[in-house]
Amino acid sequence: MALRKRPEEPRPRSGPSASGTRLWTWLMIPGTLWMTGFLIASLLLVATLAFGTTDPLGNPRFGLNFENIAAMTDPAYRAVLLRSLGYALLTCLICLVVAYPVAYAIALHGGRFKNLLIAAIVVPFFANYLVRMYGWSVVLSDDGPLLKVLRAVGLADSDTKILQTGMGVIAGLVYGFIVFMIIPLYAALERMDVSLIEAGRDLYGGPLRTFFFVTLPATRQGAMAGCVLVLLPAMGDFVSAQLMGGPDQIMIGNLIQDKFFQGQNWPLGSALTMLMMAVLFIGMLGYLRRTRKDEAEATR
Amino acid sequence: MTLRPALKPQRHPAVKANRRPGPRPSRRPARRPAVKRHRRGTDRRPRFAIAVTAAFFALLYLPIGVVVLFSFNSQKSLTVFKDFSLRWYSAFFKDDVLLESLGMSLRVSLVAMAGSLILGVALALGLVRCRSRLGSLAGLVMLVPLITPEIVTGVAAMLLFKGFGVTLSTGTVMLAEITFSISYVTVILRSRIAALNPEVEEAAMDLGATRWQALRLVTLPALLPSILASAVLVFALVFDDFVLAYFTTGVDPQPLSVRIYSAIRFGVQPTINAVGTLMLAGSIGLIALALAIPRLFGRRGGLDLLSGK
C-alpha cells in the first residue's frame, strides 16, 4: 500500500517535461507547507513537551526536565504498555489467521463475485467506527446474540463473559481493524501467480504443504504490510478498551486520553505518546528492514 | 463431469514410433493421469476457507444489523425487539443538540473536503511530476499521517492549537481534518496521475497551450473521476472521524461522532441506534458512490481502493 516506494522512472532533462518543473514545484509547496506547519510542527511540539513540566495550576511549561521520561519506567506504565503491545500483537495474529482464509477464498475462488465481496467487506468498514464498535459491544454483551448461540451449542457456560474482559478488548480491536489485514492480503493473493500453486500440486504437494511452502511465502509481503497496518491503529486505540474492557484492561491510548482530558497533565501525556511512538517505530524499522531485504533478493 | 468420456491412459505417439527392442515396457502407466487428481491447480474448493469467510461475513454484519434493527424498536431494550416504531428517529429529529452536531459535522466535512482537494490535488501533481529533493521530502511528509496512530495526530493537533492560545472550536476541527485528509487525496490521486500519459499534455503544449492551460484543459479533466471519488471519500471519512474531532473540538457545538461517543460511554441510549443507522446509511451510500464514480465515467480503476495500491 502506501508504505511501498514506487520505482522512479527517469525524466528527460530537456524537453517539455523539464520546462514545467517550476510549475510542479510551485504546486507542491502549499500542501507541503500546510502539512509541515500543522503536522510536523505539532508532532515536534509533543516531543518537546515530553520534557516539560506542569506549574502548580496544572498549566504545561516547556523546559528540559527528565521527570516524565523517568516516569516511564514506572511499573504501572510498563504494565499498561506491555498489555497494549500484547493485545495489539494478539489482535494482529487473530486478524492474520481470520483474514487469510477470507482473502484466499475471495481472491482465488471468488470468481465474478470477487469485487462485490471485497466491496462488501470494505463498505461497512467506512461506516462510523463508534457505531460499529457500539453494535459489536451489543452483540458480545452478556445476553447478546453471540453468547446465546455459544451457550445453545454448549461452547459457553451461563457465566461466560466476553465484555469486561481482555477477550472483549481484543475482539473489539479485531473487529475494528481486520479490514486493514484483508486488503493487502487480498491484493497479494490476487497478484500471485496461480501457476505456482498448480506447480506445487503437480509436484504432489498436498493442499496443506502447497499452502505452507508455496502460497504463504509468495504472499508474505502482503501479510507483513497487513500486520503493520493493524498494529498501528490497534496500539493507539482507546475506544475498544473503554467499551469492552474493564478497568484493569486499559491500554496506553486510554492513559494518554486520561492525561490530556481528566488528569490535565499534558507533559506526562506527551511522554506517554512518545513512548508509544518509540515502540511502534521499532516495529516499523523491523518491517522496513525486512521488506528491503526481500526487495534486494527479488532484484538480484 | 459425467458427460466427459473416461480418460484412457495414452502413450505419446513418439514413444510408439521409436520403440526400441528390449524388454516390453509395462502396460501400466508410470503414474496415474494427473487429470483425475485435480482439474486445475486452484480449482478445488477450499472448504475451510469458505467456511471461515461465511462466518466472517456473518460476524461483520451482525453488529450493524443489531444497530439497524433496534433503531426501529418501540422499547428501550437492546435484547428484545417488541414492535416496529420510528420513535427513536423522531426523538433524534427533536433533539436540538444532536441536530446542531449534525450541522457542524456536515460543515466540517464540506470544508475539509474542499480544502484537502485543493491542496491535495496540487500536491499529488507536484509529487508525481517533480523529481527533486524537495519532492521526495514532500512525499515523506505526506506519508506521516498514514503511519501515525490517530491518537498521536489528535494529541499533537490539540497541543498545537492550545500552545498558540487558539480556542478549540469548529474552526480547529476543520484545520485538523484538512491536514488529515490531504494524505488520502494525494495517495488516491498519485497512482492515477502516474498512469496518465504525459505525452497528451505535451501534445497540447505543442499545439500552443501554455503549461497551465494544458493542466487545466487536459490533465484535470482526465483526473476528474478520481478527484470526485476522492472528494466523496474524504467527505465520508471526515464525517465519520472521531479521534481527531474528539481532540480538537471545543465545547459547543461538538461533531456528531463526539456526541455519540459521550452518549455510548454512559450506557444504552436507543436514540444512538437511530443516529447510527442514519450515519451508516449515509456512509455506505457515499462509499458506494465513490466506488461507482469511475464506472459512471466509463472508466475503470479511478479509485484504487480495492486493489490495495
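In this predicted model, Thr153(B) is in contact with Leu39(A), Thr148(B) and Leu244(B), once its neighbours within four places in sequence are left aside. The residue belongs to helix H7 of chain B, which spans residues 150-163. Its relative accessible area is 5%, and because the limit for a buried residue is under 20%, Thr153(B) counts as buried. A polar atom of the Thr153(B) side chain lies 2.9 Å from the backbone oxygen of Glu150(B). The contacts of Thr153(B) thus include a residue of chain A, Leu39(A), beside residues of chain B.

The contact between the two chains involves 95 residues from chain A and 104 residues from chain B. About 9000 Å² is buried between chain B and chain A, and carbon and sulfur atoms account for 77% of this area. Between chain B and chain A there are 8 residue pairs in polar contact, counting pairs with both residues at pLDDT 80 or more. The number of salt bridges between chain B and chain A is 0. On the side of chain B that touches chain A, the most residues come from helix H3 of chain B (residues 47-71), which gives 15. By residue type, this side of chain B consists of 68 nonpolar, 18 polar and 18 charged residues.

Helix H6 of chain B covers residues 133-143, and its buried residues are Gly135(B), Ala138(B), Gly139(B), Val141(B), Met142(B) and Leu143(B). The cover over the buried residues of H6(B) includes elements of both chains: helix H2 (21-49) of chain A, and helix H5 (96-129) and helix H8 (170-195) of chain B. Thr32(A) is situated in helix H2 of chain A. Outside its neighbours within four places in sequence, Thr32(A) is in contact with Leu123(B) and Ala138(B). Ala138(B) is one of the buried residues of helix H6 of chain B. Thr32(A) is itself classed as buried because its relative accessibility is 14%, where the class requires a value under 20%.

A further buried position in chain A is Phe238(A), which is placed in this class because its relative accessibility is 1%. Phe238(A) sits in the loop that runs between helix H11 (220-236) and helix H12 (239-244) of chain A. With neighbours within four places in sequence left aside, the residues in contact with Phe238(A) come from both chains. From chain A they are Gly253(A), Asn254(A) and Gln257(A). From chain B they are Ile151(B), Phe242(B), Val243(B), Tyr246(B), Phe247(B) and Tyr261(B). Leu255(A) is 17 residues from Phe238(A) along the chain, and the C-alpha atoms of these two residues are 8.5 Å apart.

Chain A as a whole contains 14 helices and 2 strands. Taken along the principal axes, its C-alpha atoms fill a box of roughly 75 × 75 × 30 Å. Of the 300 residues in chain A, 48% are buried. Among the contacts in chain A with a separation of 6 or more, 67% are between residues 24 or more positions apart. The accessible surface of chain A amounts to about 14400 Å², and 66% of this surface belongs to carbon and sulfur atoms.

Technical notes. Residues are numbered from 1 along each chain as its sequence is written. Chains are lettered from A and ligands numbered from 1 in the order in which they are written. This is a predicted model: local features need pLDDT of at least 70, side-chain atom pairs count only at pLDDT 80 or more; totals for chains, interfaces and linings use all residues. Side-chain values use heavy atoms; hydrogens and water are left out. Contact means heavy atoms within 4.5 Å. Buried area is the accessible area (1.4 Å probe) that two parts lose on being put together, summed over both. A salt bridge is a side-chain nitrogen of Lys or Arg within 4 Å of a carboxyl oxygen of Asp or Glu. A polar contact is a pair of N or O atoms within 3.5 Å; within protein, one must be able to donate a hydrogen and the other to accept it, and residues adjacent in sequence count only if both atoms are side-chain atoms. Helices (H or I, at least four residues) and strands (E, at least two) are DSSP runs, numbered from the N terminus. Ala, Val, Leu, Ile, Met, Phe, Trp, Tyr, Cys and Pro count as nonpolar, Asp, Glu, Lys and Arg as charged, and the others, Gly among them, as polar. Buried means under 20% relative accessible area, exposed over 50%, partly exposed in between (1.4 Å probe, protein chains only). Accessible areas come from the Shrake-Rupley method with a 1.4 Å probe; for residues, only the protein chains shown count as cover.
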